[in-house]
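Okay, thanks for coming, everyone. I'll take you through a protein that's probably new to most of you, so let's put it on the screen and look around together.

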Amino acid sequence: MRLKLNKIAKIQSGYISRRKIESNEDGSHFLIQARDVDAHYLTYRTDSLIRFNPAMSRNDWILNAGDILFMARGARNFSVMLQEIPENLLAAACFFIVRVARKDIMPDYLCWYLNQAPAERYLHRYSGRGVHMPVVRRSTLEKIDIPLPPLEIQKKIVEMNTLMKNEQELTEKLAEKRKALITAACLQTVRNS
């Protein structure tokens, strides 16, 4: 079975401010921005979030664990799954917030699928161009076809994806250590010659 994204999730724009957002150490809310997410590792940081006092409207969503942030602007569109986040967190306007609305789809699975080649090809084909960069319109995002395998299959895909990410991190750490070891051996050889 396949359904359009807007049939399985609610989609909302990130926080839009009419003026420059001023950082305030005593601010009531946090803001996650493009600089706080990593497109390569599909992760986010919370240690550098700015605090501020937003002029909230009824359309603004406070983020929840389980929400998906979709980067709508730029050359690379990707999704990041939110898990451990501070209270009163808002997403910047460069993101769409995707909130799963059905019990038969795992947010982790949906986030994984939005980062796969079929979704990327669809977005590349139907994305508009802003003044300076490509932009995914909400209507385009809403129409992505999402395959809905049974929950057991979704769970296995999520588990395999997690294992693959862990392996990738370990492989990169091993490569860094190998490089440091070889470099140290070469420098020692130069010093001894």
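Let's jump straight to one of the sheets. It's an open sheet of 4 strands, in the order β2-β10-β7-β8, and the pairing is antiparallel. At the edges you've got β2, residues 9–13, and β8, residues 79–81; each has a single partner strand, so one side of each is left without a neighbour in the sheet. On average, neighbouring strands here are turned by 25° against each other, if you ignore direction.

Before I go on, a word of caution: what you're looking at is a predicted model.

Let's walk across that sheet, starting from β2. It pairs with β10, residues 95–100, in the antiparallel sense, over 5 bridges. If you want to find that pairing on screen, look for Q12, whose bridge partner in β10 is I97. There's a helix on this sheet too: α2, residues 107–114, packs on it and touches β2, β7, β8 and β10. The direction of α2 makes about 160° with that of β8. Back on the β2 side, you can also pick out K10, which stands opposite R99 in β10.

Now, β10 itself. How many of its residues are buried? The count is 5 of 6, so to speak a mostly covered strand.

Next along is β7, residues 68–71. It runs antiparallel to β10, and 4 bridges join the two. Two spots to click on: I68 has V98 as its bridge partner in β10, and L69 stands opposite I97 in β10. We met I97 a moment ago as the partner of Q12, so I97 faces a residue of β2 and a residue of β7.

On its other pairing, β7 goes with β8, again in the antiparallel sense, over 3 bridges. I68 turns up here as well: its bridge partner in β8 is M81.

So which residues of β7 are buried on each side? On one side it's I68 and F70, on the other it's L69 and M71, and with all of those buried, both faces of the strand are covered.

Hold on to M71, as it takes us to a loop. A34 lies in the loop between β3 and β4, where β4 is residues 37–38. Leaving aside its neighbours within four places in sequence, A34 is in contact with M71, C94 and F95. Buried or exposed, then, or something in between? A34 is partly exposed, with a relative accessible area of 37%. And here's a nice pair to look up: A34 and A91 are 57 residues apart in sequence, but C-alpha to C-alpha they're 9.1 Å apart in space.

That brings us to the other sheet I wanted to show. This one is an open sheet of 3 strands, ordered β6-β3-β9, with mixed pairing. The edge strands are β6, residues 50–52, and β9, residues 89–91; each has a single partner strand, so one side of each is left without a neighbour in the sheet. The twist averages 40° from one strand to the next.

Within it, β3, residues 29–32, pairs with β6 in the antiparallel sense over 3 bridges. To see it for yourself, find H29, which stands opposite F52 in β6.

While we're in β6, have a look at I50, which sits in that strand. I50 is buried, with a relative accessible area of 13%. Setting aside neighbours within four places in sequence, I50 is in contact with I21, S23, H29, F30, L31, Q33 and R35. For a sense of distance, I50 and K103 are 53 residues apart in sequence and 33 Å apart in space, C-alpha to C-alpha.

Okay, let's zoom out. The protein has 5 helices and 13 strands. Its C-alpha atoms fill a box of roughly 70 × 45 × 35 Å along the principal axes. Of its 193 residues, 37% count as buried. The protein exposes about 12300 Å², and carbon and sulfur atoms supply 53% of that.

What about contacts along the chain? Among those with a separation of 6 or more, residues 24 or more positions apart account for 76%.

Last one, on charge: there are 30 positive and 21 negative charges, and their mean positions are 7 Å apart. That's my tour, so over to you.

Terms used
Residues numbered from 1 in each chain as written. Predicted model: local features only at pLDDT ≥ 70, side-chain atom pairs only at ≥ 80, totals over all residues. Heavy atoms only, no water. Pairing = 2+ DSSP bridges. Axes fitted to C-alpha atoms, helices over the stretch in contact; angles between N-to-C directions. Buried < 20%, exposed > 50% of the residue type's maximum accessible area, 1.4 Å probe, protein only. Contact = heavy atoms within 4.5 Å. Areas by Shrake-Rupley, 256 points an atom, 1.4 Å probe, with all protein chains shown as cover. Lys, Arg positive; Asp, Glu negative; His and termini not counted. Charge placed at Lys NZ, Arg CZ, Asp CG, Glu CD.
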